Amino acid sequence: MSVFTVTKNEAEAFKDFFPEDIYSNIGKENYYTLGAFDDEEFVAGVLQFFVGFDENKGTYSRICYLYVPEEFTDGDIAFLLMDEYKNVAFESGISENLVEVLDDSCVFVYASQAKELCEMDSIKAASGKNIYSISFIDNLEFIKIKKQVANGAELERKRFYEDEISSFYKAKDGCALLLVKKDAAENLVINFLGCDRLEITGKLKDLVSYSIKRAKDQYGEDKIIRIECKDFSEFYKVCGAIPEIQPFSISANS
């Protein structure tokens, strides 16, 4: 297994592994892209990060994108990519506390500013009907919905999630839930999306749209929102809700 930097000259060979906006960052100033090859020289994963400067914090790095194809999720691809990313960042002199790190069990990560997400057609077109923030319900009601939609996922208590940004749907036809946390850098992280019945899968798109728009209203258009998926079941739900962020290889087969 080898991990290396993807340059603009090599970008075409990796095009299938990125959504359009992330692919267009390859070769841009302050964006760095890593690729992993397996022993047979198949692409086993990609990671892109951004290096910026904040007058209050100094130089920092932020992960924009991580994708490990399903056939490689049994390996340590995410760990290897994350390890190389951290090595590059530390060797560049970025302070350890300003290098964004992720759970290396993730198979997919996408991060962008709220204003950019809100401009996506899928977000603009979705309906907010019967969607509310979890601030509208008490702990007992949250527990009931959580049990219905968790499907084996280990979800935390209501107080650990962003009350105004996390959202839910509950009606006679079923219920659905989207949960958002804050990370150490105060970024908003969407790390659960689910529903209790296949018939209301379309409501997941409405939840994502509601929460992203609410995040923009509550925190401003420049707020970073990150979407994390730890397995491909979660990944496909997210891609169904926001098809613009999925790798070209997935959208081409849809």
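Here are a few worked exercises on the overall fold and the pockets of this predicted model.

**Exercise 1. Work out how the radius of gyration fits a compact globule of this chain length.**

Step 1: Count residues. The protein has 254 of them.

Step 2: Get the reference value. The rule is 2.2 Å times the number of residues to the power 0.38, and for a compact globule of this length that lands near 18 Å.

Step 3: Compare. The protein comes in at 18 Å, so the value agrees with the rule.

Step 4: Put it next to the extents. The C-alpha trace spans about 55 × 45 × 30 Å along the principal axes.

**Exercise 2. Describe the burial, the contacts and the surface of the protein.**

Step 1: Start with burial, taking under 20% relative accessible area as the cut-off. Buried residues make up 50% of the 254.

Step 2: Move on to contacts. Take pairs at least 6 apart in sequence, and 65% of their contacts turn out to join residues at least 24 apart.

Step 3: Finish with the outside. The accessible surface is about 13,000 Å², with 46% of that belonging to carbon and sulfur atoms.

**Exercise 3. Take the largest pocket and say what lines it.**

Step 1: Size it up. Its volume is about 1,100 Å³.

Step 2: Find the residues. The lining has 40 of them, and those nearest the centre are Asp 183, Val 189, Asn 191, Arg 226 and Glu 228.

Step 3: Map the lining onto secondary structure. The protein has eight helices and 10 strands overall. Those supplying at least two lining residues each are strands S4 (58–67), S8 (174–182), S9 (188–195) and S10 (224–229), plus helix H7 (232–241).

Step 4: Pick the top contributor. That's S9, which gives five residues.

Step 5: Sort by chemistry. You get 16 nonpolar, eight polar and 16 charged residues in this lining.

**Exercise 4. Do the same job for the second largest pocket.**

Step 1: Volume again. This pocket comes to about 260 Å³.

Step 2: Its lining holds 15 residues, with Asn 25, Tyr 31, Ala 111, Ser 112 and Glu 116 nearest the centre.

Step 3: Which elements give two or more residues to this lining? They are helix H1 (20–23), S4 and strand S5 (108–113).

Step 4: S5 takes the largest share, with four residues.

Step 5: By class, the count is six nonpolar, four polar and five charged.

Step 6: Cross-check the two linings. S4 supplies at least two residues to the largest pocket, and S4 also turns up among the elements giving two or more to the second largest.

Terms used:
Residues are numbered from 1 along each chain as its sequence is written. This is a predicted model: local features need pLDDT of at least 70, side-chain atom pairs count only at pLDDT 80 or more; totals for chains, interfaces and linings use all residues. Side-chain values use heavy atoms; hydrogens and water are left out. On a 1 Å grid over the protein atoms alone, a cavity is a set of points where a 1.4 Å probe fits but cannot get out, and a pocket is an open set with protein on both sides within 12 Å along at least five of seven lines; lining residues have an atom within 4 Å of a point. Grid points are joined across faces, edges and corners, and a volume is the space filled by probe spheres set on the points. Ala, Val, Leu, Ile, Met, Phe, Trp, Tyr, Cys and Pro count as nonpolar, Asp, Glu, Lys and Arg as charged, and the others, Gly among them, as polar. Buried means under 20% relative accessible area, exposed over 50%, partly exposed in between (1.4 Å probe, protein chains only). Contact means heavy atoms within 4.5 Å. Accessible areas come from the Shrake-Rupley method with a 1.4 Å probe; for residues, only the protein chains shown count as cover.
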